[in-house]
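Here is a friendly tour of a protein model, written with the bench in mind. Please keep the structure open beside you as you read.

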Amino acid sequence: TIDGAFSILLVGSDSRKGQKIDDGETGELNDVNLLLHVSEDHKSATVISFPRDLMVPIPSCPGPNGEENYYPAMSEQQINTALSYGGLSCVAATITELTGMEIPYAAMVDFDGVIDITNAIGGVTVCLAQPIEDDMTGLYLPAGEVTVSGVDALNFVRTRYGVGDGSDVSRISNQQVFMSALMRQMRSAETLSNPMKVYSLAKAGFENLTMSSSMASIEFLQKLAGTAVNIDLNRVNFVQYPSGTHPYSPGRLSPDRYSGDQLIDIVMSGVPFEVAGVGRAAVTADGSAPAEAPV
């Protein structure tokens, strides 16, 4: 297993280059930013989502030519531009600067990765309180338990206009529901006892994941798998980095540093905690909106 507490950053890239889905959009942004922190005793974990519209300082990051060409530090930019400035390491450095958390491990998944990984395990089953009807992505799902795979799985984590108020903050709720269900399904006996699923999952991961040098070894992945087995899935919390409306950039968010520091202190302490509310996109069975979560 991996010694002690540790953090892994998972980034979702929206690059269309070489992907099965190509709608003409160009560029590469880190539109999904998830930071997994595992406690020292490996019994609990927290996943922190960072909204793509968060305006934050970006540190100086190496450009395409490495040390020969550094991008200058910027006092405030949208967090999802960090990938385009300096790659995966720049995203990690940006989140470290925001949170103070050391990030020794990082991985990036693209559109094809979501499609292939969900196909490899036979789809991911999520429970919807209300139907999703999103004309922008072409995603139409009924209420109740639904198994999504392939392109539908990708659109489920990307949909904005089909959930909540159409913001990225609402979309994060979908992403967290999806990740929670994916973790449970990957840990299930039906997956781990099926050699073909395990092989297909490993193949999809190696073909579609870009990993930091610290992660890109069979030895590390074996240690990670050995550690993950010990984590109690009932003690995995999904939270969102606190934020508020940006004072002068419409549609953008400012980090709530005070609440954010409190959240990070709790996460780093390793003390189990419970989330007091639900995300903005979550709805009750009768369709009413729930109370807003404090973090």
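How many disulfides does the structure hold? There is one, and it is formed by Cys-61 and Cys-90. Please bear in mind that this is a predicted model. Besides the disulfide, the points below visit an open sheet of six strands, a buried asparagine, Asn-33, and a pair of packed helices, H3 and H4.

**The disulfide and another cysteine**

- The sulfur atoms of Cys-61 and Cys-90 are 2.0 Å apart.
- The link between Cys-61 and Cys-90 is right-handed, with 75° about the S-S bond.
- Cys-61 belongs to strand E5 (residues 61-63) and Cys-90 to helix H1 (residues 82-99), so the bond ties together parts that are 29 residues apart in sequence.
- Are Cys-61 and Cys-90 buried or exposed? Both of them are buried.
- Cys-127, on the other hand, is exposed, and its relative accessible area is 56%.

**The six-stranded sheet**

- Reading across this open sheet, the strands come in the order E13-E8-E1-E2-E3-E14, and their pairing is mixed.
- Which strands stand at the edges? They are E13 (209-211) and E14 (236-240); each has a single partner strand, so one side of each is left without a neighbour in the sheet.
- On average, neighbouring strands of the sheet are turned by 20° against each other, with direction ignored.
- As general background, strands of a sheet pair through backbone hydrogen bonds, in either a parallel or an antiparallel way.
- Here, E1 and E2 run antiparallel and are joined by eight bridges, with Leu-9 standing opposite Leu-35 in E2.
- E1 and E8 run parallel and are joined by five bridges; in this pair, Gly-12 stands opposite Val-109 in E8.
- Strand E3 (residues 45-49) and E14 also run parallel, with five bridges between them, and Val-47 stands opposite Phe-238 in E14.
- Why can strand E1 (residues 6-13) be called largely enclosed by the rest of the structure? Seven of its eight residues are buried, so that description fits E1.

**Asn-33 and its surroundings**

- Asn-33 sits in strand E2 (residues 30-38).
- With a relative accessible area of 1%, Asn-33 counts as buried, because that value is under 20%.
- The side chain of Asn-33 makes a polar contact of 2.9 Å with the side chain of Asn-30.
- Which residues does Asn-33 contact once its neighbours within four places in sequence are left aside? They are Leu-10, Val-11, Ile-48, Ser-49, Phe-50, Ile-79, Val-91 and Ile-95.

**Helices to look for**

- Helix H6 (residues 195-208) lies across strand E8 (105-109) and E13, and runs at about 65° to E13.
- Helix H3 (residues 150-158) packs with helix H4 (residues 168-187) at an angle of about 135°, and their axes are 7 Å apart.
- Why are H3 and H4 described as oblique to each other? Their angle of about 135° is neither over 145 degrees, which would be roughly antiparallel, nor within the 65 to 115 range for roughly perpendicular, so oblique is the term that applies.
- In the contact between these two helices, Ala-153, Phe-156, Val-157 and Arg-158 in H3 meet Arg-171, Asn-174, Gln-175 and Phe-178 in H4.

Conventions
Residues numbered from 1 in each chain as written. Predicted model: local features only at pLDDT ≥ 70, side-chain atom pairs only at ≥ 80, totals over all residues. Heavy atoms only, no water. Helix = DSSP H or I, 4+ residues; strand = E, 2+ residues; numbered from the N terminus. Buried < 20%, exposed > 50% of the residue type's maximum accessible area, 1.4 Å probe, protein only. Polar contact = N/O pair within 3.5 Å; in protein donor to acceptor, adjacent residues only side chain to side chain. Contact = heavy atoms within 4.5 Å. Pairing = 2+ DSSP bridges. Axes fitted to C-alpha atoms, helices over the stretch in contact; angles between N-to-C directions. Disulfide = S-S within 2.5 Å. Parallel < 35°, antiparallel > 145°, perpendicular 65-115°, else oblique.
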